[in-house]
Amino acid sequence: MQTLASAARAIRALSPDQRFGRVVAVRGAAIEVEGLVGAAQIGSRLEIESLTGTVEAEVTALDRDVVVCLPFSDPQGVGLGARADLAAGQFTVRPSHGWLGRMVDGLGRPIDGLGALPVGAEPHPIKSPPPPAAARARVGARIETGVRCLDLFVPLCLGQRLGLFAGSGVGKSVLLSMLARWTKCDVAVIGLIGERGREVQEFVEDDLGEEGLARSVVVVATSDEPALMRRQAAWTTLAIAEHFRDQGLNVLCLMDSVTRFAMAQREIGLASGEPPATKGYTPTVFAELPRLLERAGPGLPGQGSITGLFTVLVDGDDHNEPVADAVRGILDGHVVMRRQIAERGRYPAIDILKSVSRTLPHCQTDAENATRIAARRVLSTFADMEEMVRLGAYKAGSNPEVDRAVALAPAIETLLGQGKDDPGQLIQAFADLGAIVESAE
């Protein structure tokens, strides 16, 4: 009966007639098509003839009797007068448990050379609304990530959405691989949006590893792919995560990076005629960010959850640039990674004092909160006086609090340092931190 119901829904989604138009202009990345007035809508799919085959495209703007669309692949070979067929239905994916351990592109097609993907029972729209706010479950219990910096100072809970803010080359990808392998979850869905092509295999084979890949689905859209495919890959990442969430599973969704999604949306907006606004970003960028990020989080009662970790590539190490500022206001916490900490050789290069989890203090016990607050006080005092201590301008004995911070801060920093093959244990980490804080009492 379920198969018959699925077939009936698919038949109802089909268009009763076949409409097509003709290409009348190609302006940069945008292709203009005539002949689809009254049939094409924003988000409609087109299949455009070219000398090299068929180019898939999506309608992104409507202008009187012209439909503006952007291709998912190189439009090489598309000429004036080329036929553009209007495809039935919206873009969907049909994930299943057979997708675990596989790599797919932004449209859910396999790219790992391992053959066709198993087809799931139900199609899932690539772009779908988040669950209703009033009906969603609440954020769940704390989960152990294996990363001591996070477990101690920026805890992660089931259904929480956390941002990782860092400049290039500070260690975001390695931190993501640690989280993908060690965080306690049922399934991991990893979106590599605008990633360098040469680094995809390195991330999958070296950083993620065979164990991490076995419970993961990796969605890839490299930096050389069209903007539409990079944006679509972000939506597909959430669509696959939503499928597993609807099965009652706790999903870890990792996306690197939201900034490249925003850049892709900016390219699409500019090509569709939108005016540039803040730092060249179009208004739809700031409208699409919450629509994407709100899809992560707790599901409806009886469903699972999507715990989201989204990286933000801050422009010029400016943590107040437009995308970072917008994302920080949407998510349930932010982790700040600093180049200065990485240059000192402490990885992950997380700035504890600038990072916040909005699930605190309720997700930790009273004893853990007391230990965490005491350690933060030590690190804060040391940060205030660090330059004076290094320059020799501070005289030992002048201030007991500063003396204590100078004595304890190096031990805390050592505890927070961690290699990518050195998983931490939550209980042991708090015991070690407590011993350090109490050692100078």
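**Group meeting: a barrel, a crossing helix and a pocket**

Let me begin with helix 5, residues 227-246, which lies across strand 4 (53-63) and strand 5 (66-71) and runs at about 85° to strand 4. I should say at once that this is a predicted model, and that everything I describe is computed from it.

The two strands that helix 5 lies across, strand 4 and strand 5, belong to a closed barrel of 6 strands, whose order is 1-2-5-4-3-6 and whose pairing is antiparallel. Within this sheet, neighbouring strands are turned against each other by 40° on average, if direction is ignored. In that order strand 3 is followed by strand 6, and here strand 3, residues 45-50, and strand 6, residues 83-86, run antiparallel and are joined by 3 bridges. If you would like one pair of residues to look at on screen, Ile 48 stands opposite Ala 84 of strand 6.

Let me now turn to the largest pocket, which holds about 430 Å³ of space and is lined by 18 residues. Which helices supply at least two residues each to that lining? They are helix 9 (339-343), helix 10 (366-391) and helix 11 (400-416), and it is helix 10 that gives the largest share, with 5 residues.

As for the character of the lining, it is made up of 9 nonpolar, 8 charged and 1 polar residue. The residues that lie nearest the centre of the pocket are Ile 341, Arg 344, Ala 383, Glu 386 and Glu 413, and those are the ones I would bring up on screen for the discussion.

Note on methods
Residues are numbered from 1 along each chain as its sequence is written. This is a predicted model: local features need pLDDT of at least 70, side-chain atom pairs count only at pLDDT 80 or more; totals for chains, interfaces and linings use all residues. Side-chain values use heavy atoms; hydrogens and water are left out. On a 1 Å grid over the protein atoms alone, a cavity is a set of points where a 1.4 Å probe fits but cannot get out, and a pocket is an open set with protein on both sides within 12 Å along at least five of seven lines; lining residues have an atom within 4 Å of a point. Grid points are joined across faces, edges and corners, and a volume is the space filled by probe spheres set on the points. Helices (H or I, at least four residues) and strands (E, at least two) are DSSP runs, numbered from the N terminus. Ala, Val, Leu, Ile, Met, Phe, Trp, Tyr, Cys and Pro count as nonpolar, Asp, Glu, Lys and Arg as charged, and the others, Gly among them, as polar. Two strands pair if DSSP finds at least two bridges between them. Axes are lines fitted to C-alpha atoms, for helices over the stretch in contact, and angles run from 0 to 180 degrees between N-to-C directions. Contact means heavy atoms within 4.5 Å.
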